[in-house]
Amino acid sequence: MKCIATIALYLSAIATPSEAFTVTPPACKAAAPIVSYRTVASTSSTATADNRHKSSSRYALPADLDTVALVAGQENYGLAVVVVGEALWSFFQAPSVSHAKVLVPASVAAVVLAAVSGPMITSGDASSVALGLEIATGVSTLLGASYVARLVAPYSPSSKEIAFFGLLVAIAGFFSFSQNLVVDGFVTLPTLPSLPFSLPEIRLGLGEDIDTSIP
């Protein structure tokens, strides 16, 4: 019996782990926050863009000045090229000193579009972009007026179809530049005043008064 009791104690001692042989895992240290170079670059670019757009607090800033500058700039320079091409084509249809007057509006418009409004639109500054779009809108309006004058003239050495094409281009330029002014937040249209009286309300039935019971 004593031998059996001794064996049982021996087995229980083996089954119970001793503190001397127990390995305690080291405590995990809190991981330091990892800041990647992308986060730093994104923060830096955001700060640069904010500083760039804060150059003018007069205008409501559009979503992306770079996109506006790219699109409106192409339209601005494209209009200058088209009006000059139209004037040259009309002049060479019937070259004469008296007919050279068709070159004057196109030449002045092209100089203003290329040297004044174009660099302002592509500058990336909100106030400069707005002023450039306003100048381009005014030039488009004056070009349209010159084409209308050529169309209503009783006699034209060159065909009036090309003048009508120029009128369509000027109208397209006017609507494009003015749309950029309004949609991109450079110009705020006035709101209509509220009516001093309330309009009568007409209640439309939704069928709740219909008797759906089966007789």
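Which residues form a nonpolar patch on the surface? The views below come from a predicted model.

**View 1. A nonpolar patch lies on the surface.** The patch is formed by F164, L168, I171 and F175. Together they have about 390 Å² of accessible area. F164 is found in helix 6. Its relative accessibility is 44%, so F164 counts as partly exposed. Partly exposed covers the range between 20% and 50%.

**View 2. The largest nonpolar core holds 26 residues.** Seven names stand out here. L79, V83, L113, L133, L143, Y147 and F186 touch the most other members of this core. Four elements give two or more residues to the core: helix 3 (65–93), helix 4 (103–121), helix 5 (126–152) and helix 6 (160–183). Helix 5 provides the largest share, eight residues. In soluble globular proteins, nonpolar side chains tend to be buried together.

**View 3. L113 is among the core members that touch the most others.** Here the view turns to its contacts. Leaving aside neighbours within four places in sequence, L113 is in contact with N76, Y77, L79 and A80. L113 also contacts G118, A136 and V139.

**View 4. R150 is a buried residue of helix 5.** Its relative accessibility is 17%. Buried means under 20%, so R150 counts as buried. Not counting residues up to four places away in sequence, R150 touches E86, S90 and V102. R150 also touches S158, K160, I162 and A163.

Conventions. Residues are numbered from 1 along each chain as its sequence is written. This is a predicted model: local features need pLDDT of at least 70, side-chain atom pairs count only at pLDDT 80 or more; totals for chains, interfaces and linings use all residues. Side-chain values use heavy atoms; hydrogens and water are left out. A nonpolar core is a set of buried Ala, Val, Leu, Ile, Met, Phe, Trp, Tyr and Cys residues joined through side-chain atoms within 4.5 Å. Buried means under 20% relative accessible area, exposed over 50%, partly exposed in between (1.4 Å probe, protein chains only). Contact means heavy atoms within 4.5 Å. Patches are made of residues with over 30% relative accessible area and no salt bridge: like charges are joined within 9 Å, nonpolar side chains (Val, Leu, Ile, Met, Phe, Trp, Tyr) within 5 Å. Accessible areas come from the Shrake-Rupley method with a 1.4 Å probe; for residues, only the protein chains shown count as cover. A salt bridge is a side-chain nitrogen of Lys or Arg within 4 Å of a carboxyl oxygen of Asp or Glu.
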